[in-house]
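Q: Could you take me slowly through one strand of this structure and its surroundings, explaining each term as it comes up?

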Amino acid sequence: MRKYISVVIAMVLMLCALVLGGCGSLSSTNFEGTWAYVMQPNEKNIDYKYDSDMLYVITMTKKSEHTYESTFRQYKYVKKDIKLLNEEEYAKGDRFFYWLSMIPEKPNAAGVMPKVEIDFEFKHLPTDMEAVKMTERDGKLYTDEGTEFTLDSKTGNLISGNQTMAPVENGDLTKFKEEMQQHIKDYFQKKYVDTKKWDITDYVFTDAGDLVVQGDYKK
């Protein structure tokens with residue numbers, strides 16, 4: 001009898017260990033929220049341009065205790081306008097100026113640089129992926145195809161493979177947009193300012209009037 005009781009107790013302890021240890025079971029990690037990351041092209045393979053950056057935003061919506069639906073949206077800055085601020089001054093030293101159809105990219109005969117202001121617009125791209133269903137188990141999130149997502153408990157980052165996505169706090173994309181803006185400024189500095197083509201006096205960044213709101217993201 002004692003031997004039988006010992007066997008029962010051992011089995012109960014084993015089951016408890018399996019439940020507590022996970023062992024392929026569903027868990028209770030909360031993946032609901034919104035994350036984002038700025039994707040840059042590999043400069044070895046692609047000629048980097050000012051509009052090469054893409055902002056990806058992923059929102060996880062909880063559908064049941066252990067299932068989620070993820071939606072993906074893509075955003076980027078597009079060049080809206082370029083203004084030549086010293087047109088009259090520049091034209092005085094270049095008699096062919098008014099024959100040009102574009103902003104000049106060099107000093108005029110008197111050495112006056114074109115002073116320009118560049119306007120950019122942050123736009124949602126109509127190329128979103130379809131919503132993807134995911135299942136949570138062992139503290140990880142999986143798509144039906146096997147793509148795995150984990151949550152860093154210290155930083156709140158969402159990780160999939162070698163891609164790390166930072167949490168979007170209170171729907172604010174400011175830090176991601178500022179990262180993209182700096183890349184744009186660096187590009188134009190190297191291509192136009194350092195090469196003495198333009199004197200860029202200002203960069204203007206605005207949101208498109210029809211910007212689509214997704215998840216926690218608010219304008």
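A: Two strands are said to pair if DSSP finds at least two bridges between them, and strands themselves are DSSP runs of type E with at least two residues, numbered from the N terminus. The model is a predicted one, in which local features need pLDDT of at least 70 and side-chain atom pairs count only at pLDDT 80 or more, while totals for chains, interfaces and linings use all residues. Residues are numbered from 1 along each chain as its sequence is written, and side-chain values use heavy atoms, with hydrogens and water left out.

The strand chosen here is S5, which covers residues 132-137. On one side of the pairing, S5 is joined to S3 in the antiparallel sense over 4 bridges, and within this pairing lysine 133 of S5 is the bridge partner of glutamate 69. S5 also runs antiparallel to strand S6 (residues 140-143), again through 4 bridges, where glutamate 136 has leucine 141 of S6 as its bridge partner. S5 and S6 form a hairpin with 2 residues between them, and aspartate 138 in that turn has a positive phi of about 55°.

In a regular strand the side chains alternate between the two faces of the sheet. Along S5, Val132, Met134 and Glu136 point to one face and are buried, buried meaning under 20% relative accessible area, with exposed over 50% and partly exposed in between, for a 1.4 Å probe and protein chains only. Lys133, Thr135 and Arg137 point to the other face and are not buried.
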